[in-house]
Amino acid sequence: MKKTTYLSGVSLLALSLSGCSDSNDFKPITGMDGMDIYANACASCHGENGQGKFGLLLKLADSEASPEEISAKIINGGQLMPAFPNISQAQAEQIAAYLKAQ
Ligand code: HEC
């Protein structure tokens, strides 16, 4: 009994850490706009409305990145940021437009 609990704890930890590497399997539901996708896929790391997390860390709201750079980042990922292969170019552009409006 105790052993099972321990094991599932370890796999949960592995799962949450893998969120911070190569690619994320988040898949937008049809009809989601840039804001909805942001809230579901990005806010966990970048904070609500792009305001950052843990102080101002990972703040996107007044990032100097252009909309093109933002959408490329979503699709390709970064050093630490996962790529989002299930987000289309058009959706990535909607997220970028949403962020630029913050
Ligand atoms: C698992 C955490 C995580 C998630 C989820 C995540 N990011 Fe990131 N993001 C990061 C990290 C860490 C960096 C900075 C280092 C790097 O580039 O990898 C970053 C950097 C960025 C940058 C570059 C910022 C700049 O000023 O140049 C943009 C733009 C960005 N993320 C947008 C997004 C968007 C949009 C989403 C949702 C589709 C998203 N991120 C989801 C962790 C995350």
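**View 1. Confidence along the protein chain of this predicted model.** Let's start with how sure the predictor is: in the protein chain, helix α1 (residues 2–18) has the lowest confidence, with a mean of 49, while helix α4 (residues 89–100) has the highest, at 97. Taken as a whole, the protein chain averages a pLDDT of 84, and 79% of its residues score at least 70. The model you are looking at is predicted, so these scores are a good place to begin.

**View 2. The stretch from residue 9 to residue 20.** Here pLDDT stays under 50. For residues 9–20, the model has two contacts beyond four places in sequence.

**View 3. The ligand in its pocket.** Look for the largest pocket, and you have found the space taken by the ligand. Two elements, α2 (34–46) and α3 (67–76), each give two or more residues to the shell around the ligand. Of these, α2 gives the most, with four residues.

**View 4. The residues around the ligand.** There are 20 residues around the ligand, and those that come nearest are C42, C45, H46, K73 and M81. Sorted by class, the shell holds 14 nonpolar, five polar and one charged residues.

**View 5. Oxygen atoms of the ligand and their partners.** Now zoom in on K73, where an N or O atom of the side chain is 2.4 Å from an oxygen atom of the ligand. S63 also uses its side chain: one of its polar atoms there lies 2.7 Å from a ligand oxygen atom. For Q79, look at the backbone instead, where an N or O atom lies 3.0 Å from an oxygen atom of the ligand.

Notes:
Residues numbered from 1 in each chain as written. Predicted model: local features only at pLDDT ≥ 70, side-chain atom pairs only at ≥ 80, totals over all residues. Heavy atoms only, no water. Near = heavy atom within 4 Å. Polar contact = N/O pair within 3.5 Å; in protein donor to acceptor, adjacent residues only side chain to side chain. 1 Å grid on protein atoms, 1.4 Å probe; cavity = no way out; pocket = protein on both sides within 12 Å on 5 of 7 lines; lining within 4 Å. Sits in = over half its atoms within 2 Å of the grid points. Nonpolar A, V, L, I, M, F, W, Y, C, P; charged D, E, K, R; others polar. pLDDT = per-residue confidence, 0-100. Contact = heavy atoms within 4.5 Å.
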